[in-house]
Amino acid sequence: MFDDIKRFETGSPQQLDWFRQLLDGFLPDGNAADIRAVPRGSFPMINVARSDDTVRVYVFAAGLAPSDLTIDVQDNVLTLRGKREPVMGSNEDGSARPIFRRERASGEFVRAIALPDGLDAERAEARHSHGVFEIVLPKREELKPRRIDVQAA
């Protein structure tokens with residue numbers, strides 16, 4: 001009766017490596033690793049970009065107002081905290097509509113993102129536009145690349 005269940009076993013690490021390589025073949029630009037790195041149900045989703053001058057964190061949080069999100073930086077860890085209220089419809093008489101499918105999670109959330117060394121948290125800025133928060137963390141001046149001009153001897 002339960003013999004069919006064996007096909008749902010996770011398999012050995014070698015089999016999982018084979019599957020990861022197969023997945024990487026479908027997404028050759030490296031995006032497969034990004035997909036696997038995010039725990040299922042993580043909210044809000046983020047992207048982190050780095051340049052010579054700054055690290056930028058993009059927080060995708062549609063439906064959150066700037067007052068709904070707290071952003072802290074301490075010891076090279078960016079912490080996002082907030083609460084996403086449930087969306088409930090109502091009938092004409094004011095009673096709540098029953099929900100038969102829910103895909104949007106609600107409630108409190110916390111995300112902690114490790115940042116590279118050398119950022120100046122005192123000069124950090126955050127902006128919000130159309131459900132995307134952009135957090136700009138400049139690098140300390142002494143860590144920015146600088147060009148050295150060569151003088152003729």
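**Figure 1. Strand 3 and strand 4 pair in the antiparallel sense over 6 bridges.** The view is taken from a predicted model. Strand 4 comprises residues 77-84, and within this pairing Leu-78 of strand 4 is the bridge partner of Val-73. The pair belongs to an open sheet of 3 strands, ordered 3-4-5, with antiparallel pairing. Strand 3 (69-74) and strand 5 (107-114) are the edge strands, each of which pairs on one side only. Averaged over the sheet, neighbouring strands are turned by 15 degrees against each other, direction ignored. A salt bridge is formed between the side chains of Asp-72 and Arg-81, with an N to O distance of 3.4 Å. Asp-72 is partly exposed, at a relative accessible area of 34%; Arg-81 is likewise partly exposed, at 38%.

**Figure 2. Asp-75 and Asn-76 in the loop between strand 3 and strand 4.** Most residues other than glycine have a negative phi. Asp-75 is not a glycine, yet has a positive phi of about 50 degrees. Asn-76, also a residue other than glycine, has a positive phi near 60 degrees. With regard to solvent, Asp-75 counts as exposed because its relative accessibility is 67%, a value over the 50% limit. Asn-76 counts as partly exposed, its relative accessibility being 27%.

**Figure 3. The hairpin formed by strand 1 and strand 2.** There are 3 residues between the two strands of this hairpin. Strand 1 covers residues 45-50 and strand 2 covers residues 54-60; the two pair in the antiparallel sense over 6 bridges. Within the pairing, Arg-50 stands opposite Val-55 of strand 2. In the context of the whole chain, the hairpin is part of a fold with 2 helices and 7 strands, which follow the pattern α-α-β-β-β-β-β-β-β along the sequence.

**Figure 4. Surroundings of Val-55 in strand 2.** Val-55 is classed as buried because its relative accessible area, 1%, is under the 20% limit. Beyond its neighbours within four places in sequence, Val-55 is in contact with Val-48, Ala-49 and Arg-50, with Leu-115, Pro-116 and Leu-119, and with Ile-135, Val-136 and Leu-137. Although Val-55 and Leu-137 are 82 residues apart along the chain, their C-alpha atoms are separated by 5.2 Å. For the chain as a whole, 21% of the 153 residues count as buried. Residues 24 or more positions apart account for 51% of the chain's contacts with a separation of 6 or more.

**Figure 5. Contacts of Ile-46 in strand 1.** Residues up to four places away in sequence being left out, Ile-46 touches Tyr-58, Val-59 and Phe-60, together with Leu-80, Arg-111 and Ile-113. The C-alpha atom of Ile-46 is separated by 9.8 Å from that of Glu-134, which is 88 residues away along the chain. Glu-134 also belongs to one network with Arg-56, Glu-125 and Arg-127, joined by salt bridges that share partners.

**Figure 6. Lys-139, a buried residue without a salt bridge.** Lys-139 is found in the segment after strand 7 (132-138). The nearest side chain of opposite charge is that of Asp-52, 5.5 Å away; this separation exceeds the 4 Å limit, so the pair does not count as a salt bridge. A polar atom of the Lys-139 side chain lies 2.8 Å from the backbone oxygen of Ser-51. Apart from neighbours within four places in sequence, the residues in contact with Lys-139 are Arg-50, Ser-51, Asp-52, Asp-53, Thr-54, Gly-118, Leu-119, Asp-120, Arg-123 and Lys-144.

**Figure 7. Salt bridges of Arg-123 with Asp-120 and Glu-141.** The closest N and O atoms are 2.9 Å apart in the bridge between Arg-123 and Asp-120, and 3.9 Å apart in the bridge between Arg-123 and Glu-141. Arg-123 lies in the loop between strand 5 and strand 6 (125-129), whereas Glu-141 lies in the segment after strand 7, so this pair ties together parts that are 18 residues apart in sequence. Arg-123 counts as partly exposed, at 39% relative accessibility, while Glu-141 counts as exposed, at 51%. The count of salt bridges comes to 7.

Conventions
Residues are numbered from 1 along each chain as its sequence is written. This is a predicted model: local features need pLDDT of at least 70, side-chain atom pairs count only at pLDDT 80 or more; totals for chains, interfaces and linings use all residues. Side-chain values use heavy atoms; hydrogens and water are left out. Two strands pair if DSSP finds at least two bridges between them. Helices (H or I, at least four residues) and strands (E, at least two) are DSSP runs, numbered from the N terminus. Axes are lines fitted to C-alpha atoms, for helices over the stretch in contact, and angles run from 0 to 180 degrees between N-to-C directions. Contact means heavy atoms within 4.5 Å. Buried means under 20% relative accessible area, exposed over 50%, partly exposed in between (1.4 Å probe, protein chains only). Lys and Arg count as positive and Asp and Glu as negative; His and the chain ends are not counted. A polar contact is a pair of N or O atoms within 3.5 Å; within protein, one must be able to donate a hydrogen and the other to accept it, and residues adjacent in sequence count only if both atoms are side-chain atoms.
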